[in-house]
Structures are given as C-alpha cells and as structure tokens.
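This report was prepared for a reader who wishes to examine the strand arrangement, the empty spaces and the charged pairs of a single protein chain.

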Amino acid sequence: MGRDELCITVPSLFRCPISLDLMKSPVSLCTGVTYDRSSIEHWLDSGHDTCPATMQVLSSKDFVPNFTLHRLINLWASKAPTKSPALAPAVSEEKVRVWIEEIKSGKIEMCLDSIVEFVSCGEVSRRFLVSFDDFLEAIVGVLNTNCVQIRVLESVIRVLSSILLENGVREKLHKLVFISNSNCLPSFIYVLRNGCLEYNIACVTVLESITMNNQSKQFVAGTQDVLSVLVQLLKTENDHQDLNEAVMSFLISVSITRSIKTRLAQLGLVGALSNMLLSQNAAVSVVEKSLKVLSIICTCADGRSAISVDPICAGAIVERLMKVSKTATEDAIIVLWSMCYLFRDEKAQEKVAWSNGVAKVLLVMQSEVGEGNVRMMCGDLIKVLRLGCKNGGGHGGMVSYETKTTHIMPC
C-alpha cells in the first residue's frame, strides 16, 4: 500500500499545534489555544512556562477540556474515510536501517530529503523512526562532522526539532551532545549565523530543549560565540517575532549565573530589548519575554548599569505597565524597584518620573496585580519617586498627579 493511500486530510482546527496530529483529548490553556492533552502535558512537564503557539508567558499552567471541539472531532472521525496514517509506517524497518548506514558512512545527502519528508508525515512516523536506537546517534554525528554543507545542517536541525517531543528524545540528545564528548555546538552556531530564519528558530528551540540541567546551560552559554550570535539576531532580526521569542526563551533558560547575565549585558542585550518594548509591532509575548529577561539582567551590576545608561529602557518599561499579563507586570515592577529603590539609581529615577511613572505604579498598586510583594515594591517606588520630585528631580506633571492622589497613598 502506498503512502498516498494511507493519508487523509485532517482539518487544521483538529490538529494539535505541537504534534500536528489529530487531537485525541483536546484541552485549552489560559491563552485560549487548544492542544492535545499528551502534547501539552509533555511541554509543561519539560519546564516551559509559555504557550507553545503564542509563546505568551502563562499566568496559569492549568488547562480545561475542550468538549465542544472533542465532539466535533468525533463527529468528523465518524464520517471520515477508514484509511488512516496510523495503520502502518510508510517506510519499512529495512529502509530505515539503510538510512542509518548511509548517514554513518557519510552519504547523508542520499537519504536526507526522504527522512525530512518522513518525519513530517505525523506522530506515527516520528515514533517509528526514533524507535531505532542508533538513529539519533547517527544524525547527531553529522553535527559533529567538519565541513558539512549548510543545507545538510539545516535539514538535520529540522529533523531534530520535529522529533524533540517524542518520548525520551530530549534525554538522549542531551547525553549525545553534552556527555559523549561530541563537538556539535559549532554546527549550531554555523546554522545560526548562516541559516535562514526557519532553521534559526529550529536551532534555538533544539538548543533550549536539550540544555536540561545547570551544567549543560552553563556549558552552552559559556561556549564562545553562542550568546553573541543570539544577541546579534535580536538586534538585526527584531521584526521576526517567532525568532525573537525563541531566542529570549533560550536566554531566560540559561541565564542562571552572574557571569552569564554580565556577558549578556556587555553584549548590548538591554538596547535590543528596549527597542522591542517600544516597537508598536511587537507581539505581546515578545514584550512579556523582554520584561522577564530584564528582570533577570537587573540582578547583576553590569545589567543595572546598562539599563541606567540606556536612554529609553526605563521609560519603555513604564509604558508597558498594565498593558501586559500579571506576571509580566510583576517583572516590570521588579526592574523598576531594583533600579529606583533598591540601588537608588538617579538616572533611572529621573526617566521613570518623566514617563509619568508614579501614575502608572499607582495603577498597578490599585489593581489585582498589586498584591503581596508587588504592592510593597509599588509603595517603595512611589515613596522614592515622590522624594525625588520634592527634591527637584521630577517634573511638573508628576507633582500635579501626586497632589491629586494623596488620599490613596499608603500610610
């Protein structure tokens, strides 16, 4: 039976955005996007805190069954042809073993297009392929080879990104890349520098997924050129929302030491993030990740210095208050509180004041976001900004607002 006979057209609405397969148990996140339960559970259990489709930071990781969509899928399935891609893999076991031998013998170009096409057929095909113990070892070996053409490297990255969510793949890739003395990172860097946008995104996604512990995160971040290439992508490709989200998600994941945060600040990351905050075209998810990265960067001295000297950063943060999710608003308040109150940075205080910061912080304080530590930080911010205003550091607009809102100030 040929592959065309095994395939049926599944409506895109019924496909899981992660696996691209027909959903068996559709559930919806707080973002409103629906996924197959097994796929989104695997995503969340892997440590992600974002919606895979929108990359928006999740205010809650809870999900609810989408019964309406489930009924529609069942109704469609009952009337669909009986042929199904799940009946059997379109490639034999013998053929996969031929592919593996071709890869190991350096003849990957002979089978690469067929492998890429096969993994795109669906979950059954991907599971069938990764069930061969030596397939991952063979494909990763290509990344460990010198002088490989960019087209080959891009296709290998595409295959790896397609099978990431299959059971045990991330763990095996982690071991192959970081424990087995391989030298794959130069290939990743080469794709990031020379590959097209689609493969840049896939490359970053694979890197984030396989850096599963602090040791591997520090190893990748400490490898020459990785961070500089990623920051440069943010600076030069900042109209590409998917790439921006992927890069920032990776940076959030690996920024676990002071030296990494310092390095990012020295590479000019703050300026790139400031431009994203000001951009009218930036997706909400990009803005929220920018605020998260800034809240991480501001915990080191070089990060605070970069925020202080940046002409637009503090004002851009103030502008985004109450225009993003609760979590992102908290991140913004953390940055402002650290700069203006905890470290008493006068440049930051002045920029926040000139951006009508008191009014915005008061709005946060009175909202549902202004609870617990956030409310405390808002109170500290208002006090230090009022003091700066009285000492001549503020501007007329802020004095006027302060006078009209004294009755809601905390004691």
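The paragraphs below treat the sheet, the largest pocket, the largest cavity and the salt bridges in turn.

The model is predicted. Its open sheet consists of three strands in the order β2-β1-β3, with antiparallel pairing. The edge positions are taken by β2 (34–36) and β3 (64–65); each has a single partner strand, so one side of each is left without a neighbour in the sheet. Strand β1, residues 26–28, runs antiparallel to β3 and is joined to β3 by two bridges. Within β3, V64 is the residue that stands opposite S28. Helix α2, residues 37–45, lies across β1, β2 and β3 and runs at about 95° to β2.

Helix α2 also contributes to the largest pocket: along with α5 (112–119), α6 (123–130), α8 (150–163), α11 (197–210) and α14 (241–254), α2 supplies at least two residues of the lining. The volume of this pocket is about 1,300 Å³. Its lining comprises 42 residues, and those nearest the centre are P17, I18, S161, L165 and T205. Helix α11 provides the largest share, namely seven residues. In character, the lining of the pocket divides into 16 nonpolar, 14 polar and 12 charged residues.

Empty space also occurs as a cavity, and the structure holds one of 30 Å³ or more. The space in the largest cavity amounts to about 30 Å³. Its lining is formed by I307, A314, I317, V335, L336, M339, C340, A348 and V352. The elements giving two or more residues to this lining are α19 (313–320), α20 and α21 (346–354). The lining of the cavity has nine nonpolar residues, with no polar and no charged ones.

The two spaces are set out below.

| Space | Volume | Largest share of the lining |
|---|---|---|
| Largest pocket | about 1,300 Å³ | α11, seven residues |
| Largest cavity | about 30 Å³ | α20, four residues |

The last topic is charge pairing. Side chains of opposite charge can pair when their charged atoms come close. The count for this model comes to 13 salt bridges. One of them is formed by K292 and D331, whose closest N and O atoms are 3.2 Å apart. K292 lies in helix α17 (residues 284–297) and D331 in helix α20 (residues 326–342), so this pair ties together parts that are 39 residues apart in sequence. Helix α20 thus appears in two of the settings described here, since α20 also supplies four residues to the lining of the largest cavity.

Technical notes:
Residues numbered from 1 in each chain as written. Predicted model: local features only at pLDDT ≥ 70, side-chain atom pairs only at ≥ 80, totals over all residues. Heavy atoms only, no water. Pairing = 2+ DSSP bridges. Contact = heavy atoms within 4.5 Å. Axes fitted to C-alpha atoms, helices over the stretch in contact; angles between N-to-C directions. 1 Å grid on protein atoms, 1.4 Å probe; cavity = no way out; pocket = protein on both sides within 12 Å on 5 of 7 lines; lining within 4 Å. Points joined across faces, edges and corners; volume = space filled by probe spheres on them. Nonpolar A, V, L, I, M, F, W, Y, C, P; charged D, E, K, R; others polar. Salt bridge = Lys/Arg side-chain N within 4 Å of Asp/Glu carboxyl O.
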